[in-house]
Amino acid sequence: MTRSPSSPGFWRSPLRGPWFTSVLGVVLLAGITLLFVTGLLSYAAYNPDLSPVNDKTPDKGVLGFYLFAWPTDPHWLYRLDQGVHVTLGITLIPVLLAKLWSVVPKLFALPPARSLAHALERVSLLLLVGGGLFEFVTGVLNIQLDYVFPGSFYPLHFYGAWVFFAAFAAHAVLKTPAALRNLRRPREEEVKEVKEVEEGDLVSPRPDPPTVSRRGALWFTGGGSLLLLATTAGQNFDGPLRRTALLAPHGGADPGSGPNGFQINKTAAYAGIDPAETDDDAWRLVVTGRTGTVRLSRAQLARLPLHSAALPIACVEGWSTGDQWWRGVRLRDLAALVGHDGDPPDVFVESLQRHGAFRRAALRANQVADPRSLLALYVNGEKLSPDHGRPARIIVPAAPGVLNTKWVARLTFGDL
Ligand SMILES: Nc1nc2c(c(=O)[nH]1)N[C@H]1C(S)=C(S)[C@@H](COP(=O)(O)O)O[C@H]1N2
Ligand SMILES: [Mo]
């Protein structure tokens, strides 16, 4: 006799049942809510509504209703937000998989729909499962690989998040009361009730003998999560801790030691920066604003008032550095050079790089105005290395790494 996944006796694990599913469900209720909030904040941090250069997501207007001017305080805001988002997302993978495993008989149940309400519920479950897998897969691809998914990560992950979370919220409203009840119910009652009431789609009617207890299975899931946490979280810290991040994406370029010896995203070679262009004699910074354009050599820049700020680099991919000591010219001083005294406007930053998504970025007026926002020439007391953006890079407090443009060539104040 061949049995299909939709026949009642096909799924035999004695672990399945409302209690096991409910424990995982309650963990995901808290975890995915936090993922959604930190994800939306992370998106806001890009200033996506400022310029199409920062983000081209069409019609984010409706779903971007919540966007706001991303603050510059506290200076570790993006580091914390994105660190939590990525680390938590990775840590929840075993819980998500266990939850899907625990309800898999329901996904195959026949008939597909017993009533209109049941049909709607199953469609919402498809959005929930599909949306959840989509968000986790695109997220992991974006941090582990040079993103390979067709289409740009930002709009896909952003739209996907809204679809997923809408289905998730509906599911949570419907299921949380029962889930909380299930957590308090002893196992015997669960089995008995299922036999009597024939709510048997989670509990197997003919279970195999147990090889592990339900608590054991939970420990196994939690252990998987802890293992992922322990091999990921280190990417947010400096020193020996970073080496514990075995699963962190960037074996990439070795930053070496010394003042410039911290994580490198794209190297100068990868970005196609010709060393001759960054040479002190050849390079000029072009600054444009209300009163026109000025061109500055590196030596002229270095004679302007220089200021220091201790700020981290925090990448959307989830890694971050501790505070580095940057030294350079304040962005608001550069704005003042071209006629924006007092109240600086937004700025459009362009680098020497000719191709690639992050070769330019727009910063909001509040970021330009912050005295810690610099066009940095030095880091940790030394000239910027080629890979960290020589001769000059942007550094802004609390901003995502993508806004910290390296190899800067041109700043345009106002009129974005
Ligand atoms: N011109 C240019 N600037 C850039 C990028 C880039 O690809 N090109 N990458 C950005 C990203 S995504 C990050 S996280 C930071 C990393 O800075 P670091 O390599 O000095 O650590 O640089 C940013 N500045
Ligand atoms: Mo980044």
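## A walk through the predicted model

Asn 47 lies in the loop between H1 and H2, and this residue is a convenient place to enter the structure, which is a predicted model. Although Asn 47 is not a glycine, its phi is positive, at about 55 degrees. With a relative accessible area of 0%, Asn 47 is buried. A second residue with a backbone of this kind is Ala 398, which is likewise not a glycine and has a positive phi of about 70 degrees. Ala 398 sits in the loop between S9 and strand S10, the latter covering residues 408–413, and Ala 398 counts as buried because its relative accessible area is 2%, where the limit for burial is under 20%.

The backbone also holds cis peptide bonds, and one of these joins Asp 73 to Pro 74, with an omega of about -15 degrees. Pro 74 belongs to the loop between helix H2, which spans 60–63, and H3. Another cis peptide bond connects Arg 390 with Pro 391, and here omega is about 10 degrees. Pro 391 is placed in the loop that runs between strand S8 (382–383) and strand S9 (393–395).

Asp 73, already met at a cis peptide bond, also takes part in a network of salt bridges together with Asp 370 and Arg 372. The structure as a whole holds 10 salt bridges, and several of them can be followed one at a time. Arg 12 forms a salt bridge with Asp 208, and the closest N and O atoms of the two are 3.3 Å apart. This pair links distant parts of the chain, since Arg 12 is found in the segment before H1 while Asp 208 is in the loop between helix H7 (187–197) and helix H8 (214–230), 196 residues apart. Arg 12 is partly exposed, with a relative accessible area of 26%, and Asp 208 is partly exposed as well, with a value of 33%.

The salt bridge between Asp 55 and Lys 60 has its closest N and O atoms 3.6 Å apart. Asp 55 has a relative accessibility of 7% and therefore counts as buried, and Lys 60, at 13%, also counts as buried. In a further salt bridge, the side chains of Arg 354 and Glu 277 meet at 2.7 Å, N to O. Arg 354 lies in the loop between strand S5 (347–351) and strand S6 (360–363), and Glu 277 lies in helix H9 (residues 275–278), so this salt bridge ties together parts that are 77 residues apart in sequence. The two partners fall into opposite classes, for Arg 354 counts as exposed at 52% relative accessibility, whereas Glu 277 counts as buried at 19%.

From the charged pairs the reader can turn to the space enclosed by the protein. A search of the whole structure finds three cavities of 30 Å³ or more, and the largest cavity contains about 520 Å³ of space. This largest cavity is lined by 27 residues, of which Gly 39, His 85, Glu 135, Phe 153 and His 157 are the closest to its centre. Four helices each supply at least two residues of the lining, namely helix H1 (18–44), helix H3 (77–91), H5 and helix H6 (153–183). By class, the lining of the largest cavity divides into 18 nonpolar residues, eight polar ones and one charged residue.

Helices H5 and H6, both contributors to that lining, can also be followed to the surface. Val 123, which lies in helix H5 (residues 116–144), forms a nonpolar surface patch with Leu 127 and Val 163, and together these residues have about 240 Å² of accessible area. Val 123 is partly exposed, because its relative accessible area of 47% lies between the limits of 20% and 50%. Phe 164, a residue of helix H6, is by contrast buried, with a relative accessible area of 7%. The C-alpha atom of Phe 164 is separated by 6.5 Å from that of Leu 127, although these two residues are 37 residues apart along the chain. Leu 127 is thus a point that joins the two descriptions, as a member of the surface patch and as the residue whose C-alpha atom is 6.5 Å from that of the buried Phe 164.

Notes: Residues are numbered from 1 along each chain as its sequence is written. Chains are lettered from A and ligands numbered from 1 in the order in which they are written. This is a predicted model: local features need pLDDT of at least 70, side-chain atom pairs count only at pLDDT 80 or more; totals for chains, interfaces and linings use all residues. Side-chain values use heavy atoms; hydrogens and water are left out. Patches are made of residues with over 30% relative accessible area and no salt bridge: like charges are joined within 9 Å, nonpolar side chains (Val, Leu, Ile, Met, Phe, Trp, Tyr) within 5 Å. Accessible areas come from the Shrake-Rupley method with a 1.4 Å probe; for residues, only the protein chains shown count as cover. A salt bridge is a side-chain nitrogen of Lys or Arg within 4 Å of a carboxyl oxygen of Asp or Glu. Buried means under 20% relative accessible area, exposed over 50%, partly exposed in between (1.4 Å probe, protein chains only). On a 1 Å grid over the protein atoms alone, a cavity is a set of points where a 1.4 Å probe fits but cannot get out, and a pocket is an open set with protein on both sides within 12 Å along at least five of seven lines; lining residues have an atom within 4 Å of a point. Grid points are joined across faces, edges and corners, and a volume is the space filled by probe spheres set on the points. Ala, Val, Leu, Ile, Met, Phe, Trp, Tyr, Cys and Pro count as nonpolar, Asp, Glu, Lys and Arg as charged, and the others, Gly among them, as polar.
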